[in-house]
Amino acid sequence: MRGRSDGSQKKRLITSFCVVAIFLGFIYFYYGSIFGSQSRGAAAIEYGSKSLRKLGSSYLGGDDDSDGKQDDFTKFGQEDGQEYTVPKSFPVCDDRHSELIPCLDRNLIYQMRLKLDLSLMEHYERHCPPPERRYNCLIPPPPGYKIPIKWPKSRDEVWKANIPHTHLAHEKSDQNWMVVKGEKIVFPGGGTHFHYGADKYIASIANMLNFSKNNLNNEGRLRTVLDVGCGVASFGAYLLSSNIIAMSLAPNDVHQNQIQFALERGIPAYLGVLGTKRLPYPSRSFELAHCSRCRIDWLQRDGILLVELDRLLRPGGYFAYSSPEAYAQDEEDLRIWREMSALVGRMCWKIAAKRNQTVIWQKPLTNDCYLEREPGTQPPLCRSDDDPDAVWGVQMEACITPYSDHDQRVKGSGLAPWPARLTTPPPRLADFGYSSEMFGKDTELWRHRVENYWNLLSPKIQSDTLRNVMDMKASLGSFAAALKDKDVWVMNVVPEDGPNTLKVIYDRGLIGTVHNWCEAFSTYPRTYDLLHAWTVFSDIEKKGCSAEDLLIEMDRMLRPTGFIIIRDKQSVVDFVKKYLVALHWETVATADPSSESDQDGDDVVFVIQKKLWLTSESLRDTE
């Protein structure tokens, strides 16, 4: 028995060995062929890291081969002698990520299994990838990408190849949102409640309010507008001719490319949603809020979303609401109208005008009505320690922000009409201890600096080259103020951890948002023509964030052939220069402090242009 058993064991051992050997051989030949095909396919990319999709990034589902990029922050000074290897090239992201917005990526939400309340729109709020899941690849343009049509022609048409999404044209065909015509998408200026044109609709609102000559700017007193649920932003587009600037706001929802269309058209716009967190704008920023069939449930959570609009409106500000509840007679619409009317009544809003499909409410000028309400009236006044200007990641509260002593005394904001507003020191300047003299000097300083910037850019730009501009660290907004006579608009960005000067920027008649540059910005790729980065790299160095991540993010936001102006210390400029080849950027000009009259410390001005590059697939489609 033992002998027979030993023989059978040997046979089983030999058989097992043969099976294992065959399996290992299969693995060797299988993966060898895959790696060989990857190597052969690498040559297909025009630019990048010789590999179309290693992608060096677990964020997009691959292995984490980022070499610890996020963990080993590159210090600009390198005084400790630590050597850092600058990549000769960055990988190119897969074409399906040509519209990637890292902090508004639903794939990330699914991958990280975030438990979000869809009824509160949390899935449309910002959810940024942790450092180990960030991408480190360059976002490619879509196949057939073309340099965008210039403003003002772009208001009415864009290249279809740049935003190859036509579902809105079909879905909204009866409302004149947009029409596909050959290689272009055309915008007739219509909307859900203004099929015959935003210009006529805007004039009708002005007429309802008895404004002079049916001009909504009311002789310069109405300048900043918030358009929620803006569609493709035709309302904001047609306000510009009246010297009114709108922050057109919409989420990345089922109409997911509406903000992308707005920015491609050259219209100020931002990806955001009325969800659970405050919108990233300070209190008392807008003279008018607008909602045209914006599909928002204003009654939810004790009216918290209307209370958020109340926070953002200036004293005496308006909310124009065009929706079936304002005119329809069916039972459900009548119920909503009664409940909304009761809510805004408790908020001390009054009907300024009501006609056809539109109602316009007005916010009170003073605290008098709030103080006359019955005890226990909802929504209550906010606590005295609540900061209405704290917005970055701050949860909304269903409470009304009373006016400051200054606003109560002057019965309004005390702002000059536009355009004098741009250069008149606003009352809230005093919140930061700044004097009118300091404000004037800052305005003049940046006027000189911008003049110098344009001298450096002049060999490369025409009068219509630039349209969408971002000031990545806006301070008091004087950079944007200096561009008043250029045919551009500026997204003024204020750091979330610095002085919240964004309210001064809005009081100057400009727009902007709060942001943390350790994270990706809420915009689509290829949406800005010029980025201005004043000491932004030095600031994130102090935070311990990745300067390489910031470079990749700036590349994502910047249009091909767009420009970057970096104003920072020499070590920052030296650091960025090492990445020019990898990012497909090129130097336009460099200027040291001695070339400027203000002699601002050790700051160096470095001007860069992004090249137009295409993947081999894009080139094939173009041909």
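**Group meeting: a walk through the model**

Let's start with one lysine. If we skip its neighbours within four places in sequence, Lys503 is in contact with Pro282, Asp389, Arg428, Asp431 and Phe432. Keep in mind that this is a predicted model. Lys503 sits in helix 13, residues 502-507. So is that lysine buried or exposed? Lys503 has a relative accessible area of 10%, and because the cut-off for buried is under 20%, it counts as buried.

For contrast, take Glu437. This one belongs to helix 11, which covers residues 436-457. Its relative accessibility is 56%, so Glu437 counts as exposed. Glu437 and Pro425 are 12 residues apart in sequence, and C-alpha to C-alpha they are 8.8 Å apart in space.

Okay, on to the sheets. There is an open sheet of seven strands, and if you want to trace it on screen, the order is 6-5-4-7-8-10-9, with mixed pairing. Which strands are at the edges? Those are strand 6, at 269-271, and strand 9, at 350-355, and each pairs on one side only. From one strand to the next, the twist averages 20°.

Let me zoom in on a couple of pairs in there. Strand 4, residues 224-228, runs parallel to strand 5, and five bridges join them. In that pair, Thr224 stands opposite Ile245 in strand 5. Now look at strand 5 itself, residues 245-250: six of its six residues are buried. What does that look like face by face? On one side you have Ile245, Met247 and Leu249, on the other Ala246, Ser248 and Ala250, and they are all buried, so to speak, with both faces of strand 5 covered.

The other pair I'd point at is strand 7, residues 286-292, with strand 8, residues 313-322. These two also run parallel, and six bridges join them. Phe286 is the residue that stands opposite Leu313 in strand 8.

What packs on this sheet? Helix 8, residues 331-346, does, and it touches strand 8, strand 9 and strand 10. The direction of helix 8 makes about 15° with that of strand 10. Then there is helix 4, residues 198-208, lying across strand 7, strand 8, strand 9 and strand 10, the last of these at 358-362. Helix 4 runs at about 130° to strand 9.

Helix 4 also holds a residue I'd like you to click on, Met208. At 9% relative accessibility, Met208 counts as buried. Leaving aside neighbours within four places in sequence, Met208 is in contact with Ala353, Lys354, Arg355, Thr358 and Ile360. Met208 and Val359 are 151 residues apart along the chain, yet their C-alpha atoms are separated by 9.3 Å.

There is a three-stranded sheet too. It's open, its order is 1-3-2, and the pairing is antiparallel. Strand 1, at 157-159, and strand 2, at 179-181, stand at the edges with a single partner strand each, so one side of each has no neighbour in the sheet. On average, neighbouring strands here are turned by 30° against each other, direction ignored. Strand 1 pairs with strand 3, residues 184-186, over three bridges in the antiparallel sense. Within that pairing, Glu157 has Val186 of strand 3 as its bridge partner.

Last topic, the cavities. How many cavities of 30 Å³ or more turn up in a search of the whole structure? The search finds eight. The largest holds about 220 Å³ of space. It is lined by 17 residues, and Arg134, Cys518, Glu519, Ala520 and Asp549 lie nearest its centre. Helix 15, residues 547-557, supplies the largest share of that lining, four residues. By class, the lining of the largest cavity divides into 12 nonpolar, one polar and four charged residues.

The second largest cavity has about 140 Å³ of space. It is lined by 18 residues, and the closest to its centre are Pro148, Lys150, Thr465, Asp529 and Arg559. Who gives the most to the lining of the second largest cavity? That's strand 15, residues 558-568, with five residues. The class split for the second largest cavity is seven nonpolar, five polar and six charged.

That's the tour.

How values were computed. Residues numbered from 1 in each chain as written. Predicted model: local features only at pLDDT ≥ 70, side-chain atom pairs only at ≥ 80, totals over all residues. Heavy atoms only, no water. Buried < 20%, exposed > 50% of the residue type's maximum accessible area, 1.4 Å probe, protein only. Pairing = 2+ DSSP bridges. Axes fitted to C-alpha atoms, helices over the stretch in contact; angles between N-to-C directions. Contact = heavy atoms within 4.5 Å. 1 Å grid on protein atoms, 1.4 Å probe; cavity = no way out; pocket = protein on both sides within 12 Å on 5 of 7 lines; lining within 4 Å. Points joined across faces, edges and corners; volume = space filled by probe spheres on them. Nonpolar A, V, L, I, M, F, W, Y, C, P; charged D, E, K, R; others polar.
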